[in-house]
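Subject: Structure for you, with notes

Hello,

Here is the structure I said I would pass on. My notes follow below it.

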Amino acid sequence: MTNPLITPSTLPYGVPDWGAIAPDHILPAAREAMAEQRRAWERIATNPEPATVENTVVAYDESNDGVNRALIPAFTLFSSIGGPELEAIQAELGPELAAHTSAFWLDRRMFERFNAVDLTDADEETIYFVTDTLKKFRLEGIDLPESEQEKIKEIDSQLSKLEILFSQRATKAMSDNSLRVEKREDLAGLSDEQIDSFRQEDGSYLLPLLNFTNQPLQVELTNPQTRRALLDASTSRGLGAHESSDTRQLVVDIARLRAERAALLGQPHHAHVVAQRGMASDSQNIIDLLTSVATQAIQAVDRERTGLLALAEGDEAGAGLQAGDWTYYQEQIRGQVAVDDAALKPYLALSNVVEKGIFFAAEKLFGISFVPRTDIPGYIESVQTWEVFDESGEPIGLFQSDFYARPGKSGGAWMNPIVNQSRRAGTKPVIMNNSNFPEPLAGQELLLTWDQVETVFHEFGHALHGLLSDTYYVSTSGTSVPRDFVELPSQLNEMWAYHPAVLANYAVHVETGDPLPADLAAKLSASKTFGQGFATTEFVASALLDQAWHRISAVDVPSSHDIEEFEKKALTDLGVFHELVPPRYRTAYFKHTFGGGYDAGYYAYMWAEVLVADIEQWFASDGSKDGDGGLNREAGNTLRHELLSRGSSRNPMESFVAVRGREPRAEALLERRGL
């Protein structure tokens with residue numbers, strides 16, 4: 001039988017034929033694709049002709065096509081569908097893929113081939129691509145003796161296994177640690193519909209967990225014991241209460257292997273290895289930024305606590321102020337000085353946020369439009385698809401969404417390319433946004449919280465980075481940029497959620513169609529900096545915790561029984577521990593860092609926010625026309641052509657400067673957060 005992960009898809013834009021893909025297609029396709037790529041690498045490495053852009057750089061980029069065709073759909077299914085069968089396949093594939101990747105980065109012949117390419121007449125994108133690739137070769141250990149390279153390969157293989165297992169267990173921990181409540185009255189504050197959805201066959205109620213620490217339900221639960229128990233259930237994930245989701249030994253093993261790898265590379269620690277791959281360059285620059293922000297954030301938390309204490313002391317149901325109560329009382333204050341979710345929700349229907357919010361802003365900024373394509377199926381029925389057109393009417397790609405939570409699906413929200421844009425390959429982008437919103441009953445609208453609205457705008461910023469990509473190489477397209485730059489487009493796109501013209505377009509009452517009242521809109525604008533002491537502290541605590549785990553040597557990695565003690569000491573020493581504000585992600589369920597992808601790189605969100613804050617100020621000043629706050633085609637086109645379309649075709653700082661006119665000011669971040 002023909003394997004649909006090997007044969008190019010005949011569907012529009014090369015969308016995978018999801019209906020034809022079965023789990024048992026994945027391993028054969030991946031192995032065949034990797035074998036073919038290795039043959040392509042061998043042809044490049046042994047080519048007797050002098051190295052040129054065409055026979056080396058272009059040939060290498062072409063070698064990725066078959067692997068992408070096989071692996072992108074596979075990893076989409078791993079994260080978006082999940083389940084035991086796919087998890088087992090992922091666990092088997094991971095080490096093979098790690099070995100395959102290492103084979104390239106530790107192949108001296110390939111390094112010398114790239115190093116010999118004559119770039120005299122090459123274009124800017126090719127020069128940067130080659131220069132960046134040579135840098136990556138060196139950071140991966142190309143200059144090490146062969147014996148040490150073999151150690152690197154073995155470590156990478158082990159890490160792949162452990163990171164996949166950590167990610168799977170952290171996902172399992174969300175269900176393992178769901179809070180069981182016996183009495184309906186202990187769920188006071190929730191709607192009857194919510195309570196009924198949590199009811200189990202035995203008459204008890206099971207409250208699900210999302211992947212971060214503080215849970216949204218804490219805001220609504222009026223019973224302090226229930227909301228505190230919910231936070232306790234969340235923060236105890238992975239700590240051994242359930243063998244199926246115990247991650248403690250995995251954390252220790254991963255941290256030790258990463259430290260050993262850094263030592264082999266001659267680096268002081270893993271955090272420094274990662275910093276050199278991005279804009280930060282030096283890990284101390286990261287610590288300096290995070291600790292300077294932490295100082296301001298902790299002071300703001302102590303100011304915010306004063307107001308919360310007054311509410312807690314006046315609450316007959318409460319017993320003081322504990323960590324599980326913070327977001328509950330904060331939401332009450334928000335209703336006084338800003339605007340709370342209960343007042344906003346009727347105006348925040350998901351369909352409006354998408355079609356009249358993110359699409360509307362994109363049309364105003366970039367001249368692009370979105371047309372539903374119900375004829376293009378997804379891997380699950382609830383996936384939606386839109387064809388994207390430029391202002392000339394030319395189709396430029398597809399945008400797809402998978403908004404709803406389901407068992408087995410990874411937690412959180414993310415963007416992933418299904419097909420990468422490339423002029424060389426002649427492909428247009430197919431970009432997917434994933435979220436974990438509760439799926440509404442058939443025929444009903446999902447009403448979002450404001451945090452979820454920001455998530456929709458955030459992930460669509462990543463989508464725009466992929467959709468508006470205009471690069472020659474697949475390897476440089478879209479979000480193939482340093483981790484501490486990739487969050488710039490996504491965080492920047494959040495600003496349009498608040499823009500008066502955009503807000504007025506999507507924030508209409510789900511039943512009456514009435515616009516959001518002016519007083520609520522004004523409060524919403526004022527709420528941008530509300531609660532930023534808490535929000536900033538929980539983020540910086542996680543980012544510094546990530547750094548702490550990756551700034552130690554292998555001999556200093558604690559035992560599996562001491563990770564909580566290590567965590568508290570690290571946060572205290574770095575000046576960000578607060579008994580009422582736990583990190584957004586604690587060690588045992590910190591998938592960003594121990595599941596791979598953002599290891600020693602969680603700081604990237606804040607590093608990018610420095611750039612975001614500065615560009616937001618540009619939109620409000622130089623980019624603005626007639627007081628429109630920058631919501632115009634001229635400003636949008638500048639952002640599109642100088643930054644979003646560039647991918648990794650040039651140094652990211654050059655793209656920032658091309659928009660802003662100068663290098664960034666770190667103070668802009670504190671100004672943005674009201675700190």
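How much area does the chain expose, and what share of it do carbon and sulfur atoms supply? The exposed area is about 27,100 Å², and carbon and sulfur atoms supply 50% of it. Please keep in mind that this is a predicted model.

**Overall**

The chain has 675 residues, and its radius of gyration is 25 Å. A compact globule with that number of residues would have a value near 26 Å, so the two agree. Along the principal axes, the C-alpha atoms fill a box of roughly 80 × 60 × 55 Å. DSSP gives 27 helices and seven strands. Of the 675 residues, 58% are buried. Contacts at a separation of 6 or more were also sorted by distance along the chain. Of these, 73% join residues 24 or more positions apart.

**Second largest pocket**

This pocket has a volume of about 510 Å³. Its lining runs to 24 residues. Pro8, Ser9, Gly14, Arg69 and Val419 lie nearest the centre. Helix H3 (64–80) and strand E6 (414–419) each supply at least two lining residues. H3 gives the largest share, with five. By class, the lining has 14 nonpolar, seven polar and three charged residues.

**Cavities**

There are two cavities of 30 Å³ or more.

The largest cavity holds about 70 Å³ of space. Its lining consists of Leu365, Phe366, Gly461, Leu464, Pro489, Leu492, Asn493, Trp496, Leu639 and Leu644. Three elements give two or more residues each: helix H15 (350–366), helix H16 (450–467) and helix H17 (483–493). H17 provides the largest share, three residues. Eight of the lining residues are nonpolar and two are polar, with no charged residues.

The second largest cavity has a volume of about 30 Å³. Thr235, Leu239, Ile563, Glu564, Glu567, Arg586, Thr587 and Ala588 line this cavity. Helix H22 (residues 563–573) makes the largest contribution to the lining, three residues. Here the classes are three nonpolar, two polar and three charged.

**Helix H17**

H17 deserves its own entry. Why is H17 described as largely enclosed by the rest of the structure? Ten of its eleven residues are buried, so the rest of the structure largely encloses the helix. The buried residues are Asp484, Phe485, Val486, Glu487, Leu488, Pro489, Ser490, Gln491, Leu492 and Asn493. Pro489, Leu492 and Asn493 also appear in the lining of the largest cavity. What do the buried residues of H17 pack against? Their partners are H16, helix H18 (495–498), H24, H25, helix H26 (652–660) and helix H27 (667–672).

**Tyr205**

Tyr205 is in strand E2 (residues 205–207). Is Tyr205 buried or exposed? Its relative accessibility is 3%, so Tyr205 counts as buried, the cut-off being under 20%. Leaving aside neighbours within four places in sequence, Tyr205 contacts Leu179, Arg180, Val181, Glu182, Lys183, Arg184, Leu187, Ile195, Phe198 and Arg199. One of these, Arg184, is 21 residues away along the chain, and its C-alpha atom is 7.6 Å from that of Tyr205.

**Positive phi outside glycine**

Two residues to look at on the backbone.

Ser281 has a phi near 70 degrees, a positive value in a residue other than glycine. Ser281 sits in the loop between helix H11 (270–277) and helix H12 (283–313). Its relative accessible area is 41%, so Ser281 is partly exposed; that class runs between 20% and 50%.

Asp626 has a phi near 55 degrees, again positive and in a residue other than glycine. Asp626 lies in the loop between helix H24 (604–620) and helix H25 (633–642). Its relative accessibility is 85%, so Asp626 counts as exposed. The cut-off for exposed is over 50%. The helices on either side of this loop, H24 and H25, are among the elements that the buried residues of H17 pack against.

Over to you.

Best wishes

Definitions and conventions:
Residues are numbered from 1 along each chain as its sequence is written. This is a predicted model: local features need pLDDT of at least 70, side-chain atom pairs count only at pLDDT 80 or more; totals for chains, interfaces and linings use all residues. Side-chain values use heavy atoms; hydrogens and water are left out. On a 1 Å grid over the protein atoms alone, a cavity is a set of points where a 1.4 Å probe fits but cannot get out, and a pocket is an open set with protein on both sides within 12 Å along at least five of seven lines; lining residues have an atom within 4 Å of a point. Grid points are joined across faces, edges and corners, and a volume is the space filled by probe spheres set on the points. Helices (H or I, at least four residues) and strands (E, at least two) are DSSP runs, numbered from the N terminus. Ala, Val, Leu, Ile, Met, Phe, Trp, Tyr, Cys and Pro count as nonpolar, Asp, Glu, Lys and Arg as charged, and the others, Gly among them, as polar. The radius of gyration is taken over C-alpha atoms; the globule rule is 2.2 Å times the number of residues to the power 0.38. Buried means under 20% relative accessible area, exposed over 50%, partly exposed in between (1.4 Å probe, protein chains only). Contact means heavy atoms within 4.5 Å. Accessible areas come from the Shrake-Rupley method with a 1.4 Å probe; for residues, only the protein chains shown count as cover.
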